[in-house]
Protein chains: 2
Amino acid sequence: MEEVKIFGHKNPDTDSIMSSLILEGLEKTLGAYNVKAYRLGNVNKETKYALNYFGVKEPELLEKVEEGTSVMLVDHNEFAQSVEGIENANILRVVDHHNIAESFKTAGPIFYLGMPVGCTATILREMFKVSGIQMDKITAGLMLSAIISDTLLFKSPTCTKKDIEVANELAELAEVELNTYGLAMLKAGTDLSDFSPEELINIDSKTYSTNGVKYQVAQVNTACIEDVFKNKEQIESAMNNFMQQNSIDLFVFMITDIIENNTQVIVLGKQEIAEKAFNIKLENNSAFLKGVVSRKKQVVPNIDNTIV
Amino acid sequence: MEEVKIFGHKNPDTDSIMSSLILEGLEKTLGAYNVKAYRLGNVNKETKYALNYFGVKEPELLEKVEEGTSVMLVDHNEFAQSVEGIENANILRVVDHHNIAESFKTAGPIFYLGMPVGCTATILREMFKVSGIQMDKITAGLMLSAIISDTLLFKSPTCTKKDIEVANELAELAEVELNTYGLAMLKAGTDLSDFSPEELINIDSKTYSTNGVKYQVAQVNTACIEDVFKNKEQIESAMNNFMQQNSIDLFVFMITDIIENNTQVIVLGKQEIAEKAFNIKLENNSAFLKGVVSRKKQVVPNIDNTIV
């Protein structure tokens with residue numbers, strides 16, 4: 001039977017990695033497809049912590065897909081965030097908690113399950129329930145890790161009641177104390193000391209395209225903004241290189257303090273869009289955005305509304 | 001509580017009407033929203049037959065929605081097929097069995113359930129199962145009618161194993177003999193004698209837009225192609241008027257014989273697209289397409305692939 005490849009977005013975060021592995025497990029149990037989970041980039045420190053904790057190996061790297069390859073997408077649907085060759089792949093399923101992007105297109109009707117919740121893993125939890133499949137401790141642990149990561153331990157405005165309810169249920173199944181495990185995992189992800197500026201802007205970076213404006217929003221989580229911000233000049237130089245190489249019109253780099261829940265942005269390119277979007281005046285290409293932590297809910301919609 | 005409007009596509013077919021009524025019932029039982037089913041156009045004779053059979057009133061007509069109106073879409077997602085004002089509505093849910101259209105767009109993530117099956121009602125049947133809600137005889141009858149209609153009693157290439165399985169289950173719940181009821185319902189829909197040419201081309205007519213080409217595909221079902229085709233000149237004149245009024249580049253009118261499963265098309269406008277799409281030569285603007293019955297599977301993809 002032909003292999004069906006499952007993967008999340010480029011620059012994978014914990015939800016993208018875990019949801020690929022979880023859907024792989026679910027589909028294997030259902031038995032209709034010969035599935036395998038992949039990753040589209042390096043696994044970050046937070047995800048590594050969670051994988052180690054539950055004793056799970058990271059998926060293999062996937063660099064591109066040939067025409068006609070059968071795939072399932074989790075945690076994204078925008079083609080710019082997907083694998084090289086996605087335009088000519090055979091998309092069988094999408095499970096996602098983002099907007100359906102303009103770029104998303106299939107030749108025929110497919111299984112598409114989108115839900116307005118904080119994390120793809122929360123939707124997968126529903127799919128387990130619907131399928132009547134028992135969940136094991138490890139799967140529960142991977143799901144829980146994804147929810148903690150995407151909702152910043154329920155502090156992100158993207159977090160819903162459903163995410164909290166599911167996470168509490170999963171913590172019990174995974175046999176962990178939710179807050180203790182969650183803080184340890186998030187903290188493992190904030191150690192940015194051995195990243196070069198080029199790596200920093202690629203840890204969790206997404207490309208968007210709206211009305212002809214191609215823009216990039218990258219985000220790093222930290223317990224101390226200054227630790228990252230002190231390397232502003234080198235970061236800006238990496239951002240400039242990235243913009244030139246990828247024809248990006250606007251680059252927003254978010255340094256997010258996950259303890260205090262604020263973000264310092266560095267903005268290059270069409271700065272006027274960002275200034276209008278956030279109603280701010282940049283100083284030396286930067287501004288402090290109080291209470292902003294979510295790219296999806298507090299950054300991308302503002303930029304999109306400004307471009308329109 | 002604000003009213004949430006549920007509706008299918010313009011020129012509603014049986015699936016669009018029944019799925020609106022079925023989702024209304026489901027959401028009322030779930031109780032999270034104050035929902036009401038609507039229709040975006042006249043109810044056709046086939047649908048009327050089914051509604052009468054099960055003693056259900058047709059939904060009210062909806063002509064447009066104000067900015068910010070909360071809505072749920074069934075059986076469509078293409079904005080051109082939806083209600084006037086849909087661009088600025090607040091879309092809460094979509095349940096559909098079509099491709100996700102380029103035009104489909106929401107401000108944030110929503111509940112979107114798409115499945116590659118022959119009928120929206122088949123997906124709604126799954127939603128009933130998932131919710132653990134008991135199905136009554138009348139709801140089963142409406143669902144069954146939608147499946148019979150969309151799959152032409154399982155003869156359409158869009159029909160899947162799932163549709164047949166669900167329909168058989170529903171026939172039992174609805175207490176009808178599937179074939180007898182199905183043929184009677186389909187036959188009720190083929191009585192086109194009192195339709196004017198303008199009405200004929202609007203019974204089940206959809207607008208598509210691909211790479212800047214705006215085209216219309218209308219379909220009527222009949223037990224005898226000649227009964228409709230004899231009024232070709234008047235139909236062409238109605239098609240021409242429609243194209244001018246709505247800036248349509250290409251109009252394909254399908255006269256489908258649901259007994260023999262063939263279609264006679266009348267094509268106006270950019271005829272070269274249709275000739276290439278179906279590998280035919282039109283004679284007097286018309287051609288016979290053997291074995292073609294499905295707009296979604298055998299007509300629209302061919303045209304789209306030719307335009308690209």
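Here is a friendly exchange about the contact between two chains in a predicted model, and about a few local features of chain A.

Modeller: Two ground rules before you start. This is a predicted model, where local features need pLDDT of at least 70 and side-chain atom pairs count only at pLDDT 80 or more, while totals for chains, interfaces and linings use all residues. Residues are numbered from 1 along each chain as its sequence is written, chains are lettered from A and ligands numbered from 1 in the order in which they are written, and side-chain values use heavy atoms, with hydrogens and water left out.

Biologist: Happy with that! How much area do chain A and chain B bury between them?

Modeller: Contact here means heavy atoms within 4.5 Å, and 20 residues from chain A and 20 residues from chain B take part. Buried area is the accessible area (1.4 Å probe) that two parts lose on being put together, summed over both. Carbon and sulfur atoms carry 61% of it, and the total is about 1,700 Å².

Biologist: Which three residues supply the most of the area that chain A buries against chain B?

Modeller: One trio gives 32% of that area, more than any other three residues. Its members are Asn99(A), Ile100(A) and Pro109(A).

Biologist: Nice. What is the partner of Glu102(A) in a salt bridge?

Modeller: A salt bridge is a side-chain nitrogen of Lys or Arg within 4 Å of a carboxyl oxygen of Asp or Glu. Two salt bridges are counted between chain A and chain B. For Glu102(A), the closest N and O atoms are 3.6 Å apart, and the partner is Lys105(B).

Biologist: Which element gives the most residues to the side of chain A that touches chain B?

Modeller: Helices (H or I, at least four residues) and strands (E, at least two) are DSSP runs, numbered from the N terminus. With four residues, the top contributor is strand 6 (residues 111-114) of chain A.

Biologist: In what sense does strand 6 of chain A pair with strand 6 of chain B, parallel or antiparallel?

Modeller: Two strands pair if DSSP finds at least two bridges between them, and here there are three bridges. Tyr112(A), for instance, stands opposite Gly114(B). The sense of the pairing is antiparallel.

Biologist: What relation links the two copies?

Modeller: Superposing by least squares on the C-alpha atoms of residues with pLDDT of at least 70 in both, a rotation of 180 degrees with 0.1 Å of shift along its axis brings chain A onto chain B, with RMSD 0.0 Å. That is why the relation is that of a two-fold axis.

Biologist: And in chain A, which residue has the C-alpha nearest the axis?

Modeller: The C-alpha in question is 2.4 Å from the axis. The residue is Leu113(A).

Biologist: Away from the interface, how many residues apart are Asp194(A) and Lys45(A)?

Modeller: Their side chains meet in a salt bridge at 2.6 Å, N to O. Asp194(A) is in the loop between helix 6 (178-189) and helix 7 (197-200), and Lys45(A) is in helix 2 (residues 45-53) of chain A. The pair links distant parts of the chain, 149 residues apart.
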